Amino acid sequence: MAKHSTPLPGRRVRGSETGRPIMALLDLLGRRWALRVLWELRDGAAPTFRELQQQCGGISSSVLADRLRELGEADLVEHADAGYGLTAQGKSLLKTLTRLDAWASGWRPKG
């Protein structure tokens with residue numbers, strides 16, 4: 001597996017030789033800054049590259065470019081004339097992540 005290949009269903013990914021879809025998604029979302037980029041695109045404002053970099057705080061331009069490329073290859077993020085935004089699949093994923101965020105807010109481990 002190439003070091004920088006985008007995790008996609010059917011491709012070999014971390015934790016799965018066969019690229020089970022859930023494993024591909026978790027590999028992609030587990031990459032540094034990937035979730036933050038998706039989260040910053042949640043309001044639909046279509047920020048430019050520089051605006052998105054500022055919204056993400058300490059992300060370098062090379063890492064942001066890599067994440068945008070990977071999320072684009074995964075059909076979660078797209079670049080339009082105005083800036084970056086979520087695709088229909090990206091919006092669907094964000095709804096699921098919002099529910100996961102709500103669950104995590106009530107998470108109380110024993111101890």
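**View 1. Helix H5 from end to end in this predicted model.** With 18 residues at 1.5 Å a residue, H5 should span 26 Å, and its end C-alpha atoms are indeed 26 Å apart, so expectation and model agree. Turn next to the sides of the helix. Gly90, Leu93, Leu94 and Leu97 of H5 are buried. Looking down the helix axis, these buried residues fall within an arc of 105°, so they line one face of H5. The spacing makes sense: an α-helix has 3.6 residues a turn, so residues three or four places apart point the same way. The other side of H5 carries exposed residues, namely Ala88, Lys95, Arg99, Ala102 and Trp103.

**View 2. The largest pocket and its lining.** Here we visit a pocket with a volume of about 290 Å³. It is lined by 15 residues, and those closest to the pocket centre are Leu29, Leu35, Leu93, Leu97 and Leu100. Helix H1 (21-29), helix H2 (34-40) and helix H5 (88-105) are the elements that each give two or more residues to this lining. H5 provides the largest share, with six residues. Sorted by class, the lining holds 10 nonpolar, three polar and two charged residues. Two of the names may look familiar from the first view: Leu93 and Leu97, among the residues closest to the centre of this pocket, are also buried residues of H5.

**View 3. The second largest pocket.** About 170 Å³ of space lies in this pocket. Its lining consists of Pro7, Leu8, Pro9, Pro21, Ala24, Leu25, Leu28, Ala74, Leu76, Gln89 and Leu93. H1 and H5 are the elements that give two or more residues to the lining of the second largest pocket, and the largest share, four residues, comes from H1. By class, 10 of the lining residues are nonpolar and one is polar, with no charged residues. Leu93 appears once more, as part of this lining.

**View 4. Glu70 and its polar contacts with two arginines.** Where does Glu70 sit? Its place is in helix H4, which covers residues 61-73. Is Glu70 buried or exposed? With a relative accessible area of 1%, Glu70 counts as buried, because that value is under 20%. Follow the side chain of Glu70 to find two partners. One is the side chain of Arg31, with a polar contact at 2.6 Å. The side chain of Arg67 also makes a polar contact with the Glu70 side chain, at 2.9 Å.

Key: Residues are numbered from 1 along each chain as its sequence is written. This is a predicted model: local features need pLDDT of at least 70, side-chain atom pairs count only at pLDDT 80 or more; totals for chains, interfaces and linings use all residues. Side-chain values use heavy atoms; hydrogens and water are left out. On a 1 Å grid over the protein atoms alone, a cavity is a set of points where a 1.4 Å probe fits but cannot get out, and a pocket is an open set with protein on both sides within 12 Å along at least five of seven lines; lining residues have an atom within 4 Å of a point. Grid points are joined across faces, edges and corners, and a volume is the space filled by probe spheres set on the points. Ala, Val, Leu, Ile, Met, Phe, Trp, Tyr, Cys and Pro count as nonpolar, Asp, Glu, Lys and Arg as charged, and the others, Gly among them, as polar. Buried means under 20% relative accessible area, exposed over 50%, partly exposed in between (1.4 Å probe, protein chains only). A polar contact is a pair of N or O atoms within 3.5 Å; within protein, one must be able to donate a hydrogen and the other to accept it, and residues adjacent in sequence count only if both atoms are side-chain atoms. The expected span of a helix is 1.5 Å times one less than its number of residues. The arc is that of the directions from the helix axis to the C-beta atoms.
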